[in-house]
Amino acid sequence: MGIFKKLFGGEASKGKTEGESSNFKAFDKTDYNTLKELIEQHAGLSFEKQMNFSDVIRSSAWELDMGKGNIIFGDLDFPIQIIGSLSFNDSSWMWGWANAKSGMPENLLVQSNQLKEIGLKKNIKELTDGHFNVAEGFEHKIGMMACGLFKCKSYYCANYGQGTLVVTIDDDKIPEIDKNRLEKVLTNFPQLIGAVDLNHKNTFKNYLIDRAFELNISENKIEGMKNGKVLTAEFDELNRLKSLNGKL
C-alpha cells in the first residue's frame, strides 16, 4: 500500500478579517459507538506521529526483544505494547489478547486488553472478536487508533514475513509533534487519505481538534483557525476532500 500519493493543490484562501474570527470556536470530540468512528477520531494526528517516527528510525531494520519488551532499530530501542497481528496468508487479524499460543508477556498486552474492555463496554464487535478477516490497510487503521487513544508517540507495523505485528511506542527519544507547524496538515492529510480508506470530513475535523484549532464547520466545508492563520478544506456530497488550502 503506497503511503505517498499526489498531494492536493490550489490557491491559498483569503485571510479572515477580525470580525470573521467570531465564527470559529473550540470543539471537543464526540462520543463514538463504532470502530470506524474511533479510528476517524485518531487517524490524523497518529499518521503524523508515524511520519515523525520514520524520520527517527530512517531505514533501519527492526528487531524485537520480547523479554525486555522492546523494539530495536539499529542503536535505538523503544518500549512497546503489542496490539495485534495481521496474517498475510488469509488476511486475518488477531488481537494480542487472543493470541494465547504465542506466549506474549501479559505486561505487553495491557493496551490490547483495554481495547477488548472498550469493546465490551461499547458493544463494538471488532474489539471483542479475537480473530477475523479484514480488508487491506486494517493494520494501519488499528495502529493509528491505538496510538491516538493511548496517547503514544507512535505505532509501528513490523513485517515478519508471514504477517505484521502492530505495536504502539511511547518514548521520549521520539520528538513531540510541533502543533504550531500548521503546514504539516496540508501535506500529511492528503497522504493519509490517499493511503487509508476513511471518512475524509470526520477525520479532518478530529485531526484539527487534536491540533488545537478553533473550527468553523458548514455542510461541505471545515475551516480551522490557529495563531491567526486559517486552513480551509472543502468536501463533496460523499464527504470526500475536494480541496485543502491555507494561508500560513
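The questions and answers below go through a predicted model, from its main helix and cores to its strands, turns and cysteines.

Reader: How should the residue numbers and the values be read?
Author: Residues are numbered from 1 along each chain as its sequence is written, and side-chain values use heavy atoms, with hydrogens and water left out. Because the model is predicted, local features need pLDDT of at least 70 and side-chain atom pairs count only at pLDDT 80 or more, while totals for chains, interfaces and linings use all residues.

Reader: Where is the kink in helix H1 centred?
Author: Helices (H or I, at least four residues) and strands (E, at least two) are DSSP runs numbered from the N terminus, and H1 covers residues 35–57. The bend at a residue is the angle between axes fitted to the seven residues ending there and the seven starting there. In H1 there is a kink of about 50°, and its centre is Ala-43.

Reader: How many residues of H1 are buried?
Author: Buried means under 20% relative accessible area, exposed over 50%, and partly exposed in between, with a 1.4 Å probe and protein chains only. H1 is largely enclosed by the rest of the structure, because the buried residues among its 23 number 18.

Reader: Which element gives the most residues to the largest nonpolar core?
Author: A nonpolar core is a set of buried Ala, Val, Leu, Ile, Met, Phe, Trp, Tyr and Cys residues joined through side-chain atoms within 4.5 Å. The largest has 51 residues, of which Trp-93, Trp-95, Met-145 and Phe-204 touch the most other members. With seven residues, the element that gives the most to this core is H1. Apart from it lies another core, of 16 residues, including Phe-78 and Val-167.

Reader: Which residues is Met-145 in contact with, leaving aside its neighbours within four places in sequence?
Author: Contact means heavy atoms within 4.5 Å. By that test, and with those sequence neighbours left aside, the contacts of Met-145 are Leu-35, Leu-38, Ile-39, His-42, Trp-95, Leu-115 and Leu-127.

Reader: Which residue stands opposite Glu-63 in S2?
Author: Two strands pair if DSSP finds at least two bridges between them, and S1 (residues 62–65) and S2 (residues 70–73) pair in the antiparallel sense over four bridges. These strands form a hairpin with four residues between them, where Gly-69 in the turn has a positive phi of about 75°. Across from Glu-63, in S2, stands Ile-72.

Reader: Which residue in S4 stands opposite Gly-84?
Author: S2 also pairs with S3 (residues 76–87), in the antiparallel sense and over four bridges. S3 in turn pairs with S4 (residues 92–95), again antiparallel and over four bridges, and in the turn of their hairpin Ser-91 has a positive phi of about 50°. Opposite Gly-84, in S4, stands Trp-95.

Reader: Which strands stand at the edges of the open sheet of four strands?
Author: The open sheet has antiparallel pairing and the strand order S8-S9-S10-S11. Each edge strand has a single partner strand, so one side of each is left without a neighbour in the sheet; these are S8 (214–218) and S11 (241–247).

Reader: At about what angle to S11 does helix H5 run?
Author: H5 (residues 183–195) lies across S10 and S11. Axes are lines fitted to C-alpha atoms, for helices over the stretch in contact, and angles run from 0 to 180 degrees between N-to-C directions. Measured by no instrument but computed in this way, the angle of H5 to S11 is about 165°.

Reader: Is Arg-58 buried or exposed?
Author: Most residues other than glycine have a negative phi. Arg-58 has a positive phi of about 55° although it is not a glycine, and its place is in the loop between H1 and S1. Because its relative accessibility is 69%, Arg-58 counts as exposed.

Reader: How many disulfides does the structure hold?
Author: A disulfide is a pair of cysteine sulfur atoms within 2.5 Å. For Cys-152, the nearest cysteine sulfur, that of Cys-147, is 5.7 Å away, and for Cys-157 the nearest, also that of Cys-147, is 11 Å away. The number of disulfides in the structure is zero.
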